[in-house]
Amino acid sequence: MTVIIGALLAIPLMMVYALVWDRQSQSQTAQASIAQGWGGAQVLAGPVLIIPFESENVETVNENGKDRTRTVKVERFLYLSPLTHKTQTDLTPERRRKAIYESVLFRAAQTGRASFALPADLNRYGVTREVLKLDRAELRFGVSDARGLQSGAKASVNGVGLELLPGKGLNATNGSGFFGFVTWDGTGALDVAYDFAVHGSGSLSLVPRGGNTDWQVKSPWAHPSFGGNFLPATRKISDAGFTASFGIPNLALGQAIVMTDDPSAPTIADPANKSSIGIYPTETGGGAMQSQAASIHLVEPVDLYSQ
């Protein structure tokens with residue numbers, strides 16, 4: 001009798017569970033629909049200076065039954081990360097509703113400064129200055145969901161405005177972003193200043209590169225969740241919002257200033273449903289290692305389904 005009563009009580013319990021699961025699924029569909037016209041979880045990377053160079057490869061070919069070796073020239077790319085990178089984010093949240101479902105969107109105003117320089121011991125990385133094609137150098141910025149980019153983006157190099165063009169991002173954002181051609185002879189420092197805004201939803205992540213990265217974030221959202229590979233060094237959270245300060249040195253990042261491969265995309269976990277969101281590492285990313293990221297999620301501490 002006890003087993004029968006337990007089985008009968010499980011029927012309405014399963015009906016309630018199925019109803020909640022169905023509504024949660026509809027909520028996720030509605031949130032994805034809202035983000036489609038605004039922008040999804042955003043991952044930002046760069047700036048990184050890309051310089052083409054020629055490299056000689058020795059290959060063996062079979063000609064008339066005999067193996068012969070020959071030297072061919074191939075074009076490769078040097079990925080030069082900034083020595084220092086200081087960036088600030090003003091994160092403005094916004095609630096959007098569709099029917100009974102609500103989604104948290106945001107506008108991220110991004111400003112920053114970065115300094116580049118060719119290392120004196122460049123030849124130790126297997127590249128010499130003579131083979132660098134500096135006349136084709138590009139400054140690239142990665143934005144995982146380029147639909148969220150807003151008008152008014154600008155960048156300057158050594159005080160001179162840079163024309164920004166779409167595309168040619170970084171592997172950390174699966175090639176999505178924007179870039180500009182840079183005029184530089186390789187001597188002295190290359191100082192970059194930039195300012196752009198991006199729309200997104202759910203989370204904002206930054207992929208640090210090269211030397212010391214300093215990321216300052218402020219927002220009126222009172223419920224942030226910090227994740228990723230790096231947590232903020234200092235943070236303050238109140239009903240009026242939060243501020244966070246990230247300091248990521250080169251030794252903690254584990255990446256050289258100069259690389260001949262571009263690291264692949266990071267994996268970013270969603271604390272709300274314990275799954276991965278945003279972008280995912282790709283097998284053809286072109287990099288021998290996977291990027292790391294610091295993430296901030298704008299979460300609802302108690303939503304309709306928790307209640």
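Mentor: We count a salt bridge where a side-chain nitrogen of Lys or Arg lies within 4 Å of a carboxyl oxygen of Asp or Glu, and a search of the whole structure finds seven of them. This is a predicted model, in which local features need pLDDT of at least 70 and side-chain atom pairs pLDDT 80 or more, while totals for chains, interfaces and linings use all residues. Residues are numbered from 1 along each chain as its sequence is written, and side-chain values use heavy atoms, without hydrogens and water.

Trainee: What makes the contact of K133 and E54 a salt bridge?

Mentor: The N to O distance between the two side chains is 3.7 Å, which is within the 4 Å limit and therefore qualifies. The two partners come from distant parts of the chain, 79 residues apart, with K133 in the loop between strand 4 (101–116) and strand 5 and E54 in strand 1. Strands here are DSSP runs of E with at least two residues, helices are runs of H or I with at least four, and both are numbered from the N terminus.

Trainee: How do you know that strand 3 and strand 4 pair, and in which sense?

Mentor: Pairing requires that DSSP finds at least two bridges; strand 3 and strand 4 have 15, in the antiparallel sense, one of them setting L91 against A108 in strand 4. Strand 3 also pairs with strand 12 (residues 212–219), in the parallel sense over seven bridges, and there H85 stands opposite T213.

Trainee: Which partners does strand 6 have?

Mentor: Strand 6 (residues 154–157) runs antiparallel to strand 10, joined to it by four bridges, with V157 partnered by V192. Strand 6 is also antiparallel to strand 7 (residues 160–162), over three bridges, where A155 faces L162. Two residues lie between the strands of this hairpin, and N158, in the loop, has a positive phi of about 50 degrees although it is not a glycine.

Trainee: Why are the phi of N158 and the peptide bond between G46 and P47 worth a remark?

Mentor: Most residues other than glycine have a negative phi, and most peptide bonds are trans. The bond joining G46 and P47 is cis, with omega about 10 degrees, and P47 lies in strand 1.

Trainee: Why is the space lined by G46 and H85, among others, called a cavity?

Mentor: On a 1 Å grid over the protein atoms alone, a cavity is a set of points where a 1.4 Å probe fits but cannot get out, and residues with an atom within 4 Å of a point count as lining. The structure holds one cavity of 30 Å³ or more, and the volume of the largest is about 60 Å³, taken as the space filled by probe spheres set on the points. Its lining includes L44, G46, H85, Q110 and F196, and strands 1, 3, 5 and 10 each give two or more residues. The lining divides into seven nonpolar, five polar and no charged residues, with Gly counted as polar.

Trainee: What makes M1, I4, I5, L8, L9, I11 and M15 a patch?

Mentor: Patch members have over 30% relative accessible area and no salt bridge, and nonpolar side chains are joined within 5 Å. Together these residues expose about 800 Å², by the Shrake-Rupley method with a 1.4 Å probe, and I4 belongs to helix 1 (residues 2–36).

Terms used
On a 1 Å grid over the protein atoms alone, a cavity is a set of points where a 1.4 Å probe fits but cannot get out, and a pocket is an open set with protein on both sides within 12 Å along at least five of seven lines; lining residues have an atom within 4 Å of a point. Patches are made of residues with over 30% relative accessible area and no salt bridge: like charges are joined within 9 Å, nonpolar side chains (Val, Leu, Ile, Met, Phe, Trp, Tyr) within 5 Å.
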